[in-house]
Amino acid sequence: MTDLRSLARAFPFAGRLEAIFLRPARDREAIRAQACEAIEGFGLEGDRAAKGRGGGKRQVTLVQAEHLPVVSALLRRPELDPALLRRNLVISGINLLAARSLFPDQPFHLFVGPQVVLEVTGPCEPCSKMEATLGAGAYNALRGHGGMTARVLRGGSLAVGQEVRLEALLPPA
């Protein structure tokens with residue numbers, strides 16, 4: 001029988017970067033990009049989060065592509081444009097909620113493409129603006145589906161279509 005530590009670090013399938021969105025300023029429309037640069041310790045070039053002093057836990061926001069149809073259904077909408085959620089990266093094929101380690105001595109890293117390494121830092125809870133953007137019930141529809149926050153551990157180039165892998169770092173022997 002496999003123990004919980006082994007199960008928690010088993011991610012046999014890679015995901016995919018489906019979309020990139022940059023938020024140039026607060027209350028401005030998110031802009032879809034095909035590629036961008038991730039800046040270590042800051043965020044994504046062209047995004048308002050990267051303009052700060054760096055070092056925070058919310059440098060990049062992620063949303064799982066598979067959650068978009070769920071939110072659409074809860075809101076009785078035929079589809080949901082991910083730009084409206086204002087998350088930076090739309091990722092498919094990996095359970096982002098499982099990207100936070102159950103064990104402090106077994107951190108996970110999210111590898112996006114050949115260069116970028118992210119550390120998922122926590123949930124990205126919806127804000128009250130979602131009601132105005134998506135209509136009545138949006139705040140509660142997004143709870144549990146709002147995505148995750150991350151920090152950039154290693155910068156580099158990001159592009160739509162890149163492979164996304166989640167790996168556990170094993171503690172020193």
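A salt bridge is here a side-chain nitrogen of Lys or Arg within 4 Å of a carboxyl oxygen of Asp or Glu. In the predicted model examined here, this rule gives 7 salt bridges. E163, R165 and E167 are joined by such contacts into a network. Within this network, the side chains of E167 and R165 meet at 2.1 Å, N to O. Both residues of that pair are partly exposed, E167 with a relative accessible area of 33% and R165 with 29%.

Two further salt bridges link distant parts of the chain. D105 is bridged to R5, with the closest N and O atoms 2.9 Å apart. D105 lies in the loop between strand 6 and strand 7, whereas R5 belongs to helix 1, and 100 residues separate the two in sequence. D105 is partly exposed at 37% relative accessible area, and R5 is likewise partly exposed at 28%. In the other case, the side chains of R151 and E119 meet at 2.8 Å, N to O. Here the partners are 32 residues apart, R151 being in strand 9 and E119 in strand 8. E119 is partly exposed, with a relative accessible area of 24%. E119 also stands opposite R151 in the strand pairing.

The loop that holds D105 also contains Q106, between strand 6 (89-92) and strand 7 (108-112). Q106 has 0% relative accessibility, and is therefore classed as buried. Apart from neighbours within four places in sequence, Q106 is in contact with R5, A8, R9, S101, A168 and L169. Helix 1 (residues 4-8) also carries L7, which is exposed at 51% relative accessible area. L7 joins L4 and L102 in a nonpolar surface patch of about 330 Å².

Strand 7 is mostly covered, with 5 of its 5 residues buried. In a regular strand the side chains alternate between the two faces of the sheet. In strand 7 both faces are covered: F108, L110 and V112 are buried on one side, and H109 and F111 on the other. Strand 7 pairs with strand 11 (residues 163-168) in the antiparallel sense over 5 bridges, and with strand 8 (residues 116-123), also antiparallel, over 3 bridges. L110 takes part in both pairings, standing opposite L166 in strand 11 and opposite L118 in strand 8. The hairpin of strand 7 and strand 8 has 3 residues between the strands, and G113 there takes a positive phi near 70°.

Strand 8 in turn pairs with strand 9 in the antiparallel sense over 6 bridges. V117 is a residue of strand 8 and is buried, with a relative accessible area of 5%. Leaving aside neighbours within four places in sequence, V117 is in contact with H109, L110 and F111, and also with R151, V152, L153 and R154. The C-alpha atoms of V117 and I91 are 14 Å apart in space, for a separation of 26 residues in sequence. Strand 9 (residues 148-154) has 5 of its 7 residues buried, so the strand is largely enclosed by the rest of the structure. Strand 9 also pairs with strand 5 (residues 60-64), in the antiparallel sense and over 3 bridges. Within this pairing A150 is the bridge partner of V60.

An open sheet of 3 strands has the order 4-3-10, with antiparallel pairing. Its edge strands are strand 4 (43-44) and strand 10 (156-159), each of which pairs on one side only. Strand 3 (residues 35-39) and strand 10 are joined by 4 bridges in the antiparallel sense. C36 stands opposite L158 in strand 10 and is buried at 9% relative accessibility.

The structure holds 0 disulfides. For C36, the nearest cysteine sulfur is that of C124, 16 Å away. The sulfur of C124 has its closest cysteine sulfur in C127, at 8.6 Å, which is too far for a bond because a disulfide requires a pair of cysteine sulfur atoms within 2.5 Å. C124 is also buried, at 2% relative accessibility.

Technical notes
Residues are numbered from 1 along each chain as its sequence is written. This is a predicted model: local features need pLDDT of at least 70, side-chain atom pairs count only at pLDDT 80 or more; totals for chains, interfaces and linings use all residues. Side-chain values use heavy atoms; hydrogens and water are left out. Two strands pair if DSSP finds at least two bridges between them. Patches are made of residues with over 30% relative accessible area and no salt bridge: like charges are joined within 9 Å, nonpolar side chains (Val, Leu, Ile, Met, Phe, Trp, Tyr) within 5 Å. Accessible areas come from the Shrake-Rupley method with a 1.4 Å probe; for residues, only the protein chains shown count as cover. Buried means under 20% relative accessible area, exposed over 50%, partly exposed in between (1.4 Å probe, protein chains only). Contact means heavy atoms within 4.5 Å.
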